Amino acid sequence: MSEITADMIREWLKEVKDPEIPVLSLIDLGVIRDIALEGGEVTIEMTPTFVGCPALETMKEEIHKTLREKGLEKIHIDVNFRKPWTSDLISDSGRRALKSFGLAPPPPNHLFMDLDVLEYAVCPRCGNTNTELRNTFGPTLCRSIHYCNDCKEAFEQFKPL
């Protein structure tokens with residue numbers, strides 16, 4: 001096998017899906033912040049979306065499993081909050097995956113100045129904005145529940161941070 005690079009590892013980690021949103025890879029979610037290789041050891045720097053994320057251990061286990069399957073043995077995952085995660089780190093393909101999954105992607109951070117942004121969401125089913133916030137907390141801390149008055153469907157929005 002040729003020399004393993006950080007780019008190769010990044011590609012491999014696209015296989016690791018968020019346990020709560022299985023159409024979204026950890027790469028597309030933006031929680032993998034850096035990949036370093038030194039002396040046969042790979043270090044993955046990771047910042048979860050929330051402190052106390054209940055899926056953190058599962059994500060770490062899946063990273064280890066995926067990289068071991070590729071032949072890597074020395075794997076260190078550095079979970080830190082040196083640079084906070086924001087919803088702007090979600091890739092364009094990740095935003096499309098959220099929408100196809102039925103979750104409204106968060107708006108870019110530069111579009112809002114306060115928490116009123118939670119009131120406004122584009123329906124991922126019909127694309128209309130005649131929506132209303134029903135609950136600021138969905139099944140996870142990172143999602144809110146909305147209702148579309150046009151297509152009469154409830155949907156979740158990935159919260160902007």
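## A charge over a ring, and the sheet around it

Arg134 sits over the face of Tyr147, at 4.3 Å from the ring centre. The model in which this arrangement is found is a predicted one. Tyr147 also has a place in the strand pairing, since in β6 this residue is the bridge partner of Glu132. Strand β5 and strand β6 (residues 143–148) are joined by 4 bridges and run antiparallel.

These strands belong to an open sheet of 4 strands, in the order β4-β7-β6-β5 and with mixed pairing. At its edges are β4 (103–104) and β5 (131–135), each of which pairs on one side only. Strands of a sheet pair through backbone hydrogen bonds, in either a parallel or an antiparallel manner.

## The aromatic pair

Which kind of pair do Trp85 and Phe158 form? The count of aromatic pairs comes to 1, and because the ring centres of Trp85 and Phe158 are 6.0 Å apart with their planes at 70 degrees, where over 60 counts as edge-to-face, the pair is edge-to-face. Trp85 belongs to the loop between β3 (74–79) and α4 (92–101), whereas Phe158 belongs to strand β7 (residues 154–158), so the pair ties together parts that are 73 residues apart in sequence.

Both rings come from buried residues: Trp85 has a relative accessible area of 6%, and Phe158 has a relative accessibility of 2%.

## The nonpolar cores

The largest nonpolar core has 32 residues, and those with the most contacts inside it are Ile9, Leu13, Ile32, Ile44, Ile63 and Leu67. Two or more residues are given to this core by each of α1 (6–13), α2 (26–29), β1 (32–38), β2 (41–46), α3 (56–69), β3 and α4, and the largest share, 4 residues, comes from α3. If its neighbours within four places in sequence are left aside, Leu67 is in contact with Ile9, Trp12, Leu13, Val42, Ile44, Leu72 and Ile75. Apart from this core lies another, of 5 residues, among them Ala104, Cys123, Cys148 and Phe155. In soluble globular proteins, nonpolar side chains tend to be buried together.

## The buried side of α1

Within α1, the residues Ile9, Trp12 and Leu13 are buried. They lie on the same side of α1, because they cover an arc of only 95 degrees around the axis. The elements against which the buried residues of α1 pack are α2, β1, β2 and α3. Contacts of Leu67 with Ile9, Trp12 and Leu13 show the three residues again from the side of a core residue.

Note on methods
Residues are numbered from 1 along each chain as its sequence is written. This is a predicted model: local features need pLDDT of at least 70, side-chain atom pairs count only at pLDDT 80 or more; totals for chains, interfaces and linings use all residues. Side-chain values use heavy atoms; hydrogens and water are left out. Rings of Phe, Tyr and Trp (its six-membered ring) pair if their centres lie within 6.5 Å; planes under 30 degrees apart count as stacked, over 60 as edge-to-face and the rest as tilted. Buried means under 20% relative accessible area, exposed over 50%, partly exposed in between (1.4 Å probe, protein chains only). A charge sits over a ring if NZ of Lys or CZ of Arg is within 6 Å of the ring centre and within 35 degrees of the ring normal. Two strands pair if DSSP finds at least two bridges between them. A nonpolar core is a set of buried Ala, Val, Leu, Ile, Met, Phe, Trp, Tyr and Cys residues joined through side-chain atoms within 4.5 Å. Contact means heavy atoms within 4.5 Å. The arc is that of the directions from the helix axis to the C-beta atoms.
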